[in-house]
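User: Please take a close look at one part of this model and explain how its backbone and surroundings are described. Then connect it with the chain it belongs to, and add what can be said about a few places elsewhere.

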Amino acid sequence: MDSHWLSLFDVTIDFSQSHLFFPRIVTTLLGILLVMILVTRYRRIVPALRHAGRVVGGREGNFDRKRFFGTLVLVTLYFYLMGVLSDVFPNTGYSFLIMSVLFVFSLSLLYAERLSRRILLIITLNALIAPAIAWYVLAQLFRITLP
Amino acid sequence: MTPIWSKACLALLASAAIGLTTSAQAADDCPLPGNLRVVIGSTSTGGDTYQNSSIVVDQLAKKLDINAKVDAVGVMPAFQALERSRHGNTIMIFHDGAYLGNLYGVNGYPNIFDKYIVGPTIAINPGNAYLVPKDSPYQTLDDIMAAAGNGKQIRVAIQPGGVSEIGFSALKNAVRLKYPGKEGNIVAVNTGSQADKNQLLFDGAADVINGSVQANEQYTQLPADDQKAMRFVWITARHDTIAQTEAAGMGDTSREQLLQYVTPNVKVPMGDGQDFTFDKEFFFLYNKDMDPAAVKCIDTALADIYDQGEIQKQQKRSFFIPDFKPSAQAATYLEKKSEEYRTIIDDLKS
Amino acid sequence: MDILSHLTPMFFTLIAAGTLIGIIFGAIPGMTATMAVAVCLPLTYAFGLVNGIALLLGLYVGGISGGMVPAVLLNIPGTPSSITTTFDGYPMAQRGEGERALKTGIVASIFGGLFSAAVLFFFAPVLADFAIKFSYVEKFLIILLALTVIASLCSNMLMGIFSGVLGVWLSLIGTYSITEGGNGEPRLMFDFMQYYLIDGFSLLPVLIGIFGLSTILLDAENGFADAPGQGRIKLKGGARFSFSIFKGQLVNLIRSSGIGTFVGMLPGVGGSAASVLAYSQEKNFSRDSSQMGKGAPQGIVASESSNNALTGGALVPLLSLGIPGDSTTAILIGAFTLQGIQVGPLFIGNNMDTWYLMIIALVAANVLMFGIMYFAIRHIAKVIEVPKYILYPLIVMMCVVGAYAINYGIMFDVWTLLIFGVFGYVAQKIGLEVVPLIIGFILGKSAEVYFVKSIESYGNLTIFFTKSPIAAFLWVLIAVSVAFAIYLRVRNRRRGASSLVE
């Protein structure tokens with residue numbers, strides 16, 4: 001009975017439940033690997049977390065909190081306001097244009113090492129021109145839908 | 001360096017301003033935005049929905065003197081965009097899949113007749129077809145139904161939950177009527193793209209596949225000893241629909257030949273003495289709160305376009321059958337159509 | 001001699017224009033070859049079939065090639081298939097060899113492109129018949145093979161495999177799509193997330209989030225390497241490019257181009273798998289792979305020749321079966337149907353002229369790509385001299401455009417960018433490996449479909465071994481690939497140990 005032991009490998013998948021079949025395997029695998037990682041390096045985890053807390057808190061290392069969190073805040077604001085404004089100017093890309101000018105300008109200011117008059121001028125021009133070119137070429141010439 | 005920059009900048013701003021003034025106006029009696037976004041229920045820019053939508057939307061934009069852009073965002077994002085756009089800035093074009101998904105109970109498909117305004121129909125894709133390998137023992141759809149009635153399992157490759165499944169359901173229903181209790185012998189092999197369906201046929205993992213005249217016609221012209229050779233057994237469109245195609249048909253298959261595969265030559269009974277047919281129709285969908293004047297405006301503009309007769313030629317060249325019905329008429333018609341299919345689907349469930 | 005009449009200046013101008021625009025799209029982080037082809041599709045209607053196709057093929061070749069530029073200079077892959085270019089390209093750029101790395105990539109690209117064009121021309125119908133022997137089972141095994149590659153690409157085996165599996169897991173979030181033959185039911189998320197995640201996370205925003213935004217966050221945290229005394233990237237100073245780099249690379253070139261062409265031919269496997277496979281095969285089988293990942297030209301050669309070879313490969317099923325090999329050729333189908341041309345098994349026979357012209361256009365696009373890139377590279381490479389306070393805001397802006405436009409205007413894709421930017425940052429902090437994660441993400445969905453559908457069709461797990469000789473052969477490859485990865489790891493550890501002793 002050659003086929004007898006082969007039937008051990010029989011698997012049937014109910015179509016209505018088939019969306020769970022593969023994810024379950026992957027989740028199980030992921031869980032096993034996670035346990036393995038925790039078991040082999042649990043000793044390093046707590047000190048690492050403590051160290052990370054000190055770094056983010058600014059008590060250790062040279063973590064640039066202003067730039068790091070500034071980036072996160074600016075990007076979040078950029079995305080959020082772009083969505084809001086795009087309901088005001090639907091299907092024109094103006095929301096992208098306006099918000100990008102403001103975003104590029106603010107992020108450049110945040111990142112610049114020191115601000116001389118010349119650098120400020122470059123930053124301002126860049127913030128005005130680059131989004132305008134992007135908007136014009138993409139939204140007007142190529143007719144790509146922008147927020 | 002700086003003066004050049006500022007000059008370029010000025011020029012850009014100027015052109016932007018010009019863009020603003022030209023796009024912001026449309027006819028006064030027509031409360032449509034200067035920039036209309038048309039989302040479609042398909043993510044493919046190579047598919048029939050995109051092709052059809054771009055033909056119609058181009059003409060519409062020209063007629064109304066507005067900018068319009070077709071975006072292939074896919075079903076769920078399209079429904080979502082439509083819901084958000086209460087002022088008619090975004091409208092949708094899709095086909096019968098929009099309500100079939102709901103009938104089949106696919107997650108996320110609302111009842112479009114409740115939730116949106118059903119707009120005008122614009123065209124039919126007459127190509128929805130079923131094929132077998134060229135060396136299949138089944139010559140006709142009747143052979144297939146008889147085999148199922150005799151207890152033979154028939155595997156049909158389809159994409160579940162929509163246009164691809166409705167013909168399958170009708171076939172299964174026909175077997176149920178003719179050989180009660182045997183409909184379980186018609187089995188769906190659920191798969192995705194046309195490539196996957198073809199592949200199942202090549203592998204011998206399906207006996208019948210759903211396909212289309214456009215995508216599969218060349219396979220039917222291959223010599224019988226080619227592993228890839230196929231044969232049409234059924235085209236779901238109405239006889240009248242196929243009769244409207246160009247006489248040359250598609251590829252090397254003439255209209256006459258195509259007509260062999262539609263009712264009454266191929267009969268799929270529906271129960272009430274009628275044969276099942278399915279025309280894949282494309283239509284507009286609007287947000288429930290869209291201004292009735294805007295709805296009317298698009299109706300009128302499309303009526304004008306179809307009166308001129310140019311668009312019909314363009315559609316027929318791309319193997320679409322022009323089929324314009326203004327929104328009110330289209331809504332009643334499509335709701336009736338969907339009720340017919342609901343009966344079939346519900347009968348099979350019980 | 002109908003063909004000659006089509007070879008107008010217009011024909012070649014459009015190829016050149018397409019190639020140039022493609023390179024620019026490919027070179028901007030966030031914009032891809034697919035996008036370039038998609039936005040230019042409506043133009044083809046005005047140009048007619050032959051000229052329209054010429055433009056699109058130029059865009060396709062240019063877009064794929066352009067992806068190497070940000071990969072080398074900024075460590076951000078411009079297209080998904082240039083991920084592996086970053087492995088050696090960026091370390092070279094850091095040594096001041098950016099120009100050398102790019103030129104190596106360009107030469108490898110034209111080799112891969114022409115190789116696959118030749119394969120397409122001479123063997124398309126034969127190869128198409130071979131490709132249809134790959135059913136669900138064999139495609140799953142190809143994906144499995146690509147996934148085992150993770151073992152040879154990661155620096156820590158356990159973390160690497162975990163990251164890869166996590167990538168697969170992330171790709172499964174969303175519904176089991178009915179367009180793939182699934183049942184449309186959601187999984188791996190809470191109900192309230194369904195509104196946004198019904199289609200899951202899209203690849204491009206995930207990719208540019210992890211590679212682009214998280215790189216910026218990492219730099220922001222350091223307060224920028226621009227500060228004096230830190231290792232700023234130099235434009236000059238390293239070794240110069242010369243063709244002698246290619247000495248001894250012929251096997252690599254042919255193997256990688258072959259892999260690229262072949263993977264391109266298999267619909268649904270995903271073009272990004274090609275460069276990953278080619279890279280790891282070079283790592284496993286070359287005589288000396290110890291420098292790979294630290295700035296070895298051979299890594300760039302493998303990556304770039306294979307990703308350009310995708311172009312010809314993906315056209316094989318398109319032109320001989322009517323089935324697109326990747327997302328870009330899926331749009332090319334639109335160009336044919338817009339012109340009323342049927343693509344299918346009879347396409348080549350029925351449209352001989354168009355077929356020859358397409359081959360000419362493909363070859364011309366590769367040659368023009370080489371010409372444009374080789375001589376412009378010196379100027380392009382100056383991008384890294386732009387101060388980061390100017391460059392980074394623009395990269396974020398372009399990533400937004402790319403994320404928003406990839407699915408034709410979906411705001412959630414922009415948020416995906418941020419989610420995965422932060423995720424990528426945290427992942428790197430806790431020791432997850434980004435590349436295995438992305439490979440897992442890219443291949444996860446297809447792996448699911450082919451795995452589940454194989455079992456649905458055959459109902460028995462042994463089918464994965466017994467389906468066909470091809471399946472058996474793929475298992476051998478998988479076994480060899482895993483064995484080599486382990487062998488190399490052990491050998492390197494021994495060497496590391498012995499050098500410590502000395």
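Analyst: A:Arg143 has a relative accessibility of 31%, so it counts as partly exposed, since that class covers values between the 20% limit for buried and the 50% limit for exposed. The model is a predicted one, and the values here are computed from it. In sequence, A:Arg143 belongs to the segment that comes after helix α5 (117–141) of chain A. Its backbone has a phi near 55°, which is positive although the residue is something other than glycine.

A:Asn91 can be described in a similar way. A:Asn91 is not a glycine, yet its phi is positive, at about 60°. This residue sits in the loop that joins α3 (65–88) to α4 (94–111) in chain A. Its relative accessibility is 22%, and therefore A:Asn91 is classed as partly exposed; the limit below which a residue would be buried is 20%.

These two residues belong to a chain built from helices. Chain A contains five helices and zero strands, and read from the N terminus its elements follow the order α-α-α-α-α. The overall dimensions of chain A depart from those of a compact globule: for 147 residues such a globule would have a radius of gyration near 15 Å, whereas chain A has 26 Å. Along the principal axes, the box filled by its C-alpha atoms is roughly 85 × 50 × 25 Å.

Of the 147 residues in chain A, 40% are buried. Among contacts in chain A with a separation of 6 or more, 45% link residues 24 or more positions apart. The exposed area of chain A is about 8,700 Å², and 67% of that area is supplied by carbon and sulfur atoms. As for charge, chain A carries 14 positive and 7 negative side chains. The centres of these two sets are separated by 21 Å.

Chain B offers a buried element. Strand β9 (residues 230–235) of chain B has six of its six residues buried, so the rest of the structure largely encloses it. Its pairing with strand β5 (residues 128–133) of chain B is antiparallel and runs over five bridges. Within this pairing, B:Ala129 has B:Ile235 of β9(B) as its bridge partner. Elsewhere in chain B, the peptide bond leading from B:Thr263 to B:Pro264 is cis, and its omega is near 5°. The loop between α11 (255–259) and β10 (280–287) of chain B holds B:Pro264.

Two residues of chain C complete the account. C:Asn284 lies in helix α13 (residues 272–285) of chain C. With a relative accessible area of 4%, C:Asn284 is buried, because the limit is 20%. Beyond neighbours within four places in sequence, C:Asn284 is in contact with C:Ser152, C:Ser481, C:Phe484, C:Ala485 and C:Leu488.

C:Ile3 is part of helix α1 (residues 2–6) of chain C. With neighbours within four places in sequence set aside, its contacts are C:Asp353, C:Tyr356, C:Leu357 and C:Ile360. C:Ile3 is also 336 residues from C:Gln339 in sequence, and the C-alpha atoms of that pair are 18 Å apart in space.

Notes. Residues numbered from 1 in each chain as written. Chains lettered and ligands numbered in written order. Predicted model: local features only at pLDDT ≥ 70, side-chain atom pairs only at ≥ 80, totals over all residues. Heavy atoms only, no water. Helix = DSSP H or I, 4+ residues; strand = E, 2+ residues; numbered from the N terminus. Rg over C-alpha atoms; globule rule 2.2 N^0.38 Å. Buried < 20%, exposed > 50% of the residue type's maximum accessible area, 1.4 Å probe, protein only. Contact = heavy atoms within 4.5 Å. Areas by Shrake-Rupley, 256 points an atom, 1.4 Å probe, with all protein chains shown as cover. Lys, Arg positive; Asp, Glu negative; His and termini not counted. Charge placed at Lys NZ, Arg CZ, Asp CG, Glu CD. Pairing = 2+ DSSP bridges.
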